Protein chains: 2
Amino acid sequence: MSTAPTVYDVAERSGVSIATVSRVYRNPDSVRAQTRERVLAAARDLGYVPSGNARGLASRSTGVLGLCFPDYADPDTDAEDDDAAMLYSDQIIRGMERAARRHGYALLIAASLKGGPESLVAKVAGRVDGFAVMARTVPTEELEGISRRRPVVMLAGPREDGDHLDHLDHIEVANFDGQRELTRHLIEDHGLRRLAFVGSAEESPDVEARFQGFLAACRAAGVDTPEEPAVRAAMMTQAEGARAADALCDRDGRPPQALVCANDQMAVGALHALERRRLTVPDDVAVTGFDGIPLGRLVRPTLTTVRQPMLRMGEEAVELLVRRLSGTPGTDPVSLMLPVTVARRASCGCGPEEQTAVAIGA
Amino acid sequence: MSTAPTVYDVAERSGVSIATVSRVYRNPDSVRAQTRERVLAAARDLGYVPSGNARGLASRSTGVLGLCFPDYADPDTDAEDDDAAMLYSDQIIRGMERAARRHGYALLIAASLKGGPESLVAKVAGRVDGFAVMARTVPTEELEGISRRRPVVMLAGPREDGDHLDHLDHIEVANFDGQRELTRHLIEDHGLRRLAFVGSAEESPDVEARFQGFLAACRAAGVDTPEEPAVRAAMMTQAEGARAADALCDRDGRPPQALVCANDQMAVGALHALERRRLTVPDDVAVTGFDGIPLGRLVRPTLTTVRQPMLRMGEEAVELLVRRLSGTPGTDPVSLMLPVTVARRASCGCGPEEQTAVAIGA
DNA sequence: CAGAGTCATGTATGCGCTTACAGAATGCGC
DNA sequence: GCGCATTCTGTAAGCGCATACATGACTCTG
């Protein structure tokens, strides 16, 4: 690799000044065609590539947007669960990459594994013009400081952290509305009344919002429900979903009429557990998920769920960042709520084919 | 956002020199604890984040690795096919991100849509210490120039481009060996002799290698086969796979005994087409794929295929780059061949459960 | 208590590029 | 051929940080 050639090398080789070399790249039309060709030829000969760092330094902008996301890679998670969990991030990455590209930005991604040693934000924040952070990968406090200096948008998080309402831009999905509508459907359209919500042990504002939506629908329909999820799974995986289903079946001697799972992974796990117990879905027990992962369409019975627009979330994040970057700085924090769709499929009793996809929220 | 604070601001506010501020971040132990705290406090107050650009410029390294990949997003592709195609890139991205993180790097990703206007490589190359390129996203010529100055590794590509053997590092998978072994299995273990290979219309060295492996197995077994794929699908999608299967069934009045598809997508499409024709797989026609996408385990019959280690490919790419970055510069180009596994499932006649997974290739 | 040795901090320079500004070259009308 | 408007190109000053080197404050030894 030796030491890479610089503008100086190219300038010398083509007999011009470094300013002209720079102009050839920044603003080709401002250089006489003949000169330009000489410069480009020299650059080609030398294998010259402009240093993004120097460029960024001089023009105080990087042309890069960032994304911090959690890495769920757990040694004790089986590969399949891991795959599905990552699908979530993958979609956001793809959405962001496409939108970023449209606007001429590249995308820098960095995952934090839980309790990583040094702050990855600092690393990312310093090299990008703005970035998105998936909820709970970075302490809110740290973000607030940074967000004073460059655009930050939080994905899928809550605005309030305890009693403190943060000042970040947010993009979230209609967790509450989606889960409420799905629950309403189970109660009113399928006549189910003994519903059990499978939540998660770890603090998750998304899951909490879903549970509240579940509760709201129950209350609205006069269905009696405890103020707590029936089960809090240790992790939101298929294995834990299966365990939760087993626990619920054993608990009262008979299973509930519906298992309302906080995500698709657990719902699929529940499906398997119920099958092992020779219970039929949806006749004996209805099962629903949340997320809309592809797997949900492939399992039998097909999984009724609430689809999240993850790709769009990534795109919206970029749009928001770009707007912030080009615009009026003093604007108030924005909070975007993306609509979800309830996909009624077989596992709630709606038949093998997808019946209806109702857009909800926002 | 106003203008971001710099070392100078932090230095002034904490009453030290900029060198000390710098040291607090680069080498905390070299600063007295008390001073360090003062500096950090000032930084916190100001919302200071070190500029990655300046840092990179001064230390001539960015701490970032890059990946250029193709974006298959076609308006005329349905979302499902698109999903699966991207899985390929997603896996590589994940593999690279993890390995990069282990080594303290972040990952910069940029997709090229076919015939994008300006060179995305230049954009990426200038901001990273080294990068990987998925085959056919960037002209080889351009890469060779750049690779003189920083490490570049080509993923899944061929070493030769026409008659010109390039000088880049390569990582590929055992396309030839994998397809040969799978074909051998069909011929010898299942006794099939009329095999049709479904390839692709566009130039793809991977598909070509697979076809050659297919041919080699046929020849070795004395099976008579044309020197060309039976079909060249316009795109490697489910829809095209279905179309290919239909074409082959109609062509000679009777279907071949086996459809050997160049990827899983097309194989799944073929499965659907055959089902519509009331042909049973594998009894009437065997079908095989290549890639090992998750969908292959979910379709019925489950798909016999050759699994590619995409995640590992991403990891190996990073390892290779890191080695180049830290090591002896003058080394010859490396070419890594990753082994694949033949997953024998139901669609070739091996029964519903996965029978054996045979590792093939170096 | 002088001199050597440590440790903490400051000074000064350069990383490779962009970009005002100034200066040279070219074209035009007369 | 001259003066002036237009290009085109060069000069020079940073951008924010890392780091070699110099300096100053102490501690320790004899």
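Start by selecting helix α3 of chain A, residues 33–46. At 1.5 Å a residue its 14 residues should span 20 Å, and the end C-alpha atoms are indeed 20 Å apart, so the two agree. The expected span here is 1.5 Å times one less than the number of residues in the helix. Helices (H or I, at least four residues) and strands (E, at least two) are DSSP runs, numbered from the N terminus.

A word on what is on your screen: this is a predicted model, in which local features need pLDDT of at least 70, side-chain atom pairs count only at pLDDT 80 or more, and totals for chains, interfaces and linings use all residues. Residues are numbered from 1 along each chain as its sequence is written, while chains are lettered from A and ligands numbered from 1 in the order in which they are written.

**Stop 1: around helix α3(A)**

Stay on α3(A) and show the side chains of Arg36(A), Val39(A), Ala42(A) and Ala43(A), which are buried. They cover an arc of only 130° around the axis, which puts them on the same side of α3(A); the arc is that of the directions from the helix axis to the C-beta atoms. An α-helix has 3.6 residues a turn, so residues three or four places apart point the same way. Buried means that 20 or more other C-beta atoms lie within 10 Å of a residue's own, exposed means 12 or fewer, and partly exposed is in between, with C-beta atoms placed from the backbone.

Now turn to the other side of α3(A), where Ala33(A) and Gln34(A) are exposed. What do the buried residues of α3(A) pack against? Select α1 (7–14) and α2 (18–26) of chain A to see their partners. Just after α3(A) comes Gly47(A), with a positive phi near 70°.

While α2 of chain A is selected, pick out Tyr25(A), which is found in that helix. Tyr25(A) is partly exposed, with 18 other C-beta atoms within 10 Å. For a distance check, pair Tyr25(A) with Pro309(A): they are 284 residues apart along the chain, and their C-alpha atoms are separated by 39 Å.

**Stop 2: the strands of chain A**

Zoom out to chain A, which has 13 helices and 15 strands. Of its 362 residues, 54% count as buried.

Next, select β1(A), where six of the seven residues are buried. β1(A) runs parallel to β2(A), joined by seven bridges, and parallel to β3 (residues 130–134) of chain A, joined by four. Two strands pair if DSSP finds at least two bridges between them. To find the register, look for Gly66(A), whose bridge partner in β2(A) is Leu108(A), and for Leu65(A), which stands opposite Gly130(A) in β3(A).

**Stop 3: across to chain B**

Keep Leu108(A) selected: its bridge partner in β2(B) is Leu108(B). Strand β2 (residues 106–112) of chain A and β2(B) run antiparallel, with three bridges joining them.

Widen the selection to the whole interface, where 44 residues of chain B are in contact with 44 residues of chain A. Contact means that the C-beta atoms of two residues, placed from the backbone, lie within 7 Å. Which element of chain B gives the most to this side? Select α5(B), with eight residues. By class, the side of chain B that touches chain A has 23 nonpolar, eight polar and 13 charged residues. Nonpolar covers Ala, Val, Leu, Ile, Met, Phe, Trp, Tyr, Cys and Pro; charged covers Asp, Glu, Lys and Arg; the others, Gly among them, are polar.

Try superposing the chains: a rotation of 180° with 0.1 Å of shift along its axis places chain B on chain A, with an RMSD of 0.1 Å. That is the relation of a two-fold axis. The fit is by least squares on the C-alpha atoms of residues with pLDDT of at least 70 in both copies. Since 100% of the interface residues of chain B are also interface residues in chain A, the copies meet through the same surface.

**Stop 4: backbone details**

Most residues other than glycine have a negative phi, and most peptide bonds are trans. Select Arg60(A), in the loop between α4 (52–59) and β1 (64–70) of chain A; its phi is positive, near 40°. Arg60(A) is exposed, with 11 other C-beta atoms within 10 Å. Arg60(B) also has a positive phi, near 40°.

Finish at Pro282(A), in the loop between α11 (264–276) and β11 (286–288) of chain A. A cis peptide bond joins Val281(A) to Pro282(A), with omega about 5°. In chain B, the bond from Val281(B) to Pro282(B) is cis, with omega near 10°.
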